[in-house]
Amino acid sequence: MVTSAISRRSGRETRDSVVIRFAGDSGDGMQVTGSQFTQETALAGSDFATFPDFPAEIRAPAGTTFGVSAYQIQFGGTDVMTPGDAVDVLVAMNPAALTVEVKDLKVGGTVIVDTAAFNERNLNKAGYARNPLDDDSLARYQVLKFDITKLTADAVKPHGISSREAHLCRNMWALGLLLWMYGHERTATIDWLKRKYGKKPTIAAANIAALNAGHAFGETAEMPEHLVGYVVPKAHVQPGRYRTISGTEGLAWGLVAGLRASGIGKLVFAGYPITPASALLHTLANLRAYGVVTFQAEDEIAASGAALGASYAGALGVTSSSGPGIALKTEMLGLAIATELPLVVIDSQRAGPSTGMPTKAEQSDLFQAVHGRNADAPLAVLAPATTADCFDIAIEAVRIATKYMTPVIVLSDGYLAHAAEPWRIPREADLPRFPVAYRTDPSGFHPFLRDPETLARPWVKPGTPQLEHRIGGLEKDYDSGHISYDPDNHARMTKARADKIAGIARDIPLQDVALGVGSGKLAIVGWGSTFGSIHQAVRIARDEGRDVAHIHLRYLNPFPRNLGDLLKRYDRVLVPEMNNGQLVKLLRAEYLIPAEPLTKVTGKPFGVTEIAQAIRKIDGEKN
Amino acid sequence: MTVTTVTDAQLAPKDYASDQEVRWCPGCGDYAILKAVQKACAELAVSRERTVFVSGIGCAARFPYYMSTYGFHTVHGRAPAIATGIKLANPDLDVWVMTGDGDGLSIGGNHMLHVLRRNVDLQIILFNNEIYGLTKGQYSPTSRRGTRSPSTPQGSIEYPVSACSFALGAGARFVARSIDTLQPHLVATLKRAHVNKGASFVEILQNCVVFNDAVFDNITAKEAAPDAQVLLEHGKPLLFGTNKDKGLRLKPGKIELEIVTVGGNDVSTADILVHDETNRPLAQLLAALEPPFPVAMGVLYCNPAVPYEQEVHTQLAAVQGNGDLDALLNSERTWEVTP
């Protein structure tokens, strides 16, 4: 907890920012607890960033360490860019959650436990030989021991629900207590419970009773000595209307906004269930009023095929997956490149190779996106920096795909997909517009006639009279669009396809410096969801007086046209990535600069301190 | 680019031909199929601009290049998926999938299964020559056991799949079979497939003159045909043979067909099974017939249901909401930050 001058306001202490982690069994409802705390935090006016971290198993065996599900939020009055490295308050619903998560708790931090869950069976499953609540193993922390199970059971008793149902209300009791600790309201949560259990009013009432009991517990005389209420100031942000946005929502709404901006009447989204990309299919399935058709295909290949077929027919084809599924779509991407049709491909990257760790984030599909196809098959690659940026990147992907008649891969990841942050809501009238012009004029037409500026071929909707034509994966004659095996023509077409993608660099913003100045000792170059951690780390380093800048790439193929010149103005370039070193190799290959890697492949996002330490190490070497 | 002013009703078969030189081997059965499709299109007066031929990879997959309609030559086995996307984007397009036994039943078998069970409104024409032609003659999933090929020098040991049995098993609601050389029958069958709304599956026995020549002679040769084929007609008895004196009936007490001679052993025409296109179990029995039984030709099964893409668009039309993007972005909880 970053503590400013401790002031007592209505008996509460003030904190600039706080990191809370809710942890329990995957059946304990920790994700909804975290989400609801986030909602109330947002309504309280704090800035925040969240990190849901859950196991791949839907319901892992109760009480086991591999079944622990956690949700972390950092919130505060200053610019919050990451979910935080070290935890101030850990809510551990059972011994497994405690043993897995306590290592991230700050010394002096608070851990809240449900004593009833610390029975012999659960302790054994978590690998505790002795009850940690009874010895001094937690002496470095403030341990708040409550019998949450009994307190919840007492609170829900009047509603006459089963003991199993009562047990499932424990998370609401814990949420109530945490909301009290930070002076948050409960209204949004009560409304949500009423909606969620609309058909089971008794369950809704019991959950609300548990929530209120947790809150009242903090409020009343039962409050133990260490349980203190806090005030976290509102964030100073640009005026406007705000909401929370997850990466999935950002992508879905951005695709709809892109559809509107393009003037295309219909978006066909084809996907196949895969963690963590399925959420996008679910979200878009509810946006049918916005011209969205969703199609759950029989496999990843069919999903990409249906999306490409839709684009061929004049709609906006979009497909989505995670790394292994993108691999299956590879051949269809080749066809999209060869036939020069627009296609938006969203890759929610996860730890690999193969099945890897499906619920854990990684940035290891960069090579796959940029180079992962047979033959010379270039396409555009973009990556959002934050959950809010997912909205803008999705719009940009639609713009590039339709303007350049090309597939565009958007590299999101499992972290962005589920994380949430506050978002200033744009007005549609303020969003970019890029109306698509389908070719309807038969005079002088052939299907591979290129726009002299963009090198894009015309987009013709089947159904257009007198423009009947045939396209396919066979090489085409540059001048007629007919099948051609001519050697020189193939060289010419290969170059045209490469030039078309390279030319997108003229149509995207020049690379800026996110923090710091455009030359100096050290540039930290990142891409994707590591934006927040890198930015905070560079801010800390600059506060320490170090000559370091943060450069963040949203365009990964092609790179912005000034990127090489910019990077060459720094003595050293460090590239933090959640992979084994991919962007760093692309930069070295493209610009012949000695960029250095900083890799992390644990399935967890970079902590700010990890990057700050790396900066200090390099800066120290230099000095 | 051919600029035409004639209406679709005036188009002749040749008007459905593109300006591209047809490059199948001389004598290939595909020529006859191309001719039949162009003739069916002319007789149905289909609109060239609204028609799309989609194919995968293989000899059959070259088909779209030879039509003056829209055409999309895609990747191996995936044409059903691409065609589904086309119909989702624009249900008004008239879409044909041209595929082969390798394309449609081997690498694309999964897509074939799902496009049929979904009942997407397509004409799916499977050219079955029981061989991989474009890759120079390897045995295919429909090759008969014992087929000697470059990859099976001692003869193939796999049991073949029956295209029509597969289609019925997948839930296809229109399943038909014809032969490249049976021109009037083929044209009529293609027209039936086109009229049917939903996934219309047509298997065409097609002779590969180079790698599997005469493989269907036991069924299609002039002298063999009357006994080797039973031509299906809805509501008509399942009679065949030169004198139409042979018939199919259910073997008493069994769920299997037997061949009987009308007039012999007290068998009359009334004892012969009558073809009922809407009877799926009968279609399954007919689809599985192979020599020494006559091979069933014509519409084995036709029992239409609302096509997939039409149901999708019915659901779309039922969705409430005016598509107000600002309302979407401001849905659920928002809060105002004031200066």
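Me: In chain B, what share of the contacts with a separation of 6 or more comes from residues 24 or more positions apart?

Reply: The general idea is to ask how far apart two touching residues lie along the chain. In this predicted model, residues 24 or more positions apart account for 66% of the contacts in chain B with a separation of 6 or more.

Me: How many of the residues in chain B are buried?

Reply: Burial is judged by counting neighbours: a residue is buried if 20 or more other C-beta atoms lie within 10 Å of its own. Of the 339 residues in chain B, 50% are buried.

Me: Which helices and strands does chain B contain, and what box do its C-alpha atoms fill?

Reply: One begins with a count of elements and then considers the extent of the chain. Chain B has eleven helices and 14 strands. Its C-alpha atoms fill a box of roughly 100 × 50 × 50 Å along the principal axes.

Me: How many residues does each chain bring to the contact between chain A and chain B?

Reply: An interface is read one side at a time. Chain A contributes 62 residues and chain B contributes 52 residues. On the side of chain B, the elements that each supply at least two residues are β2 (70–73), α2 (79–89), α4 (109–118), α10 (308–318), α11 (325–329) and β14 (335–337). Helix α2(B) gives the most, with eight residues. By character, this side of chain B divides into 24 nonpolar, 19 polar and nine charged residues.

Me: In which sense do β9 of chain A and β14(B) pair, parallel or antiparallel?

Reply: Strand pairing may also link two chains, and one reads the sense and the bridges. Strand β9 (residues 240–246) of chain A pairs with β14(B) in the antiparallel sense, over three bridges. Within β14(B), B:Val337 stands opposite A:Gly240.

Me: What is the order of the strands in the open sheet of chain A?

Reply: A sheet is read from one edge to the other. This open sheet has seven strands with mixed pairing, in the order β11-β10-β12-β13-β15-β14-β20 (chain A). Its edge strands, β11 (292–296) and β20 (555–557) of chain A, each pair on one side only. From one strand to the next, the twist averages 20 degrees.

Me: Which residue is the bridge partner of A:Val381?

Reply: Individual bridges show how two strands are aligned. The partner of A:Val381 is A:Ile409, in β15(A). Strand β14 (residues 380–382) and strand β15 (residues 407–413) of chain A pair in the parallel sense over three bridges.

Me: Which strands does helix α10 of chain A lie across?

Reply: One names the strands and then the angle. Helix α10 (residues 278–285) of chain A lies across β10 (267–271), β11, β12 (316–321) and β13 (343–349) of chain A, and runs at about 135 degrees to β11(A).

Terms used: Residues are numbered from 1 along each chain as its sequence is written. Chains are lettered from A and ligands numbered from 1 in the order in which they are written. This is a predicted model: local features need pLDDT of at least 70, side-chain atom pairs count only at pLDDT 80 or more; totals for chains, interfaces and linings use all residues. Two residues are in contact if their C-beta atoms, placed from the backbone, lie within 7 Å. Helices (H or I, at least four residues) and strands (E, at least two) are DSSP runs, numbered from the N terminus. Ala, Val, Leu, Ile, Met, Phe, Trp, Tyr, Cys and Pro count as nonpolar, Asp, Glu, Lys and Arg as charged, and the others, Gly among them, as polar. Two strands pair if DSSP finds at least two bridges between them. A residue is buried if 20 or more other C-beta atoms lie within 10 Å of its own, exposed if 12 or fewer, and partly exposed in between; C-beta atoms are placed from the backbone. Axes are lines fitted to C-alpha atoms, for helices over the stretch in contact, and angles run from 0 to 180 degrees between N-to-C directions.
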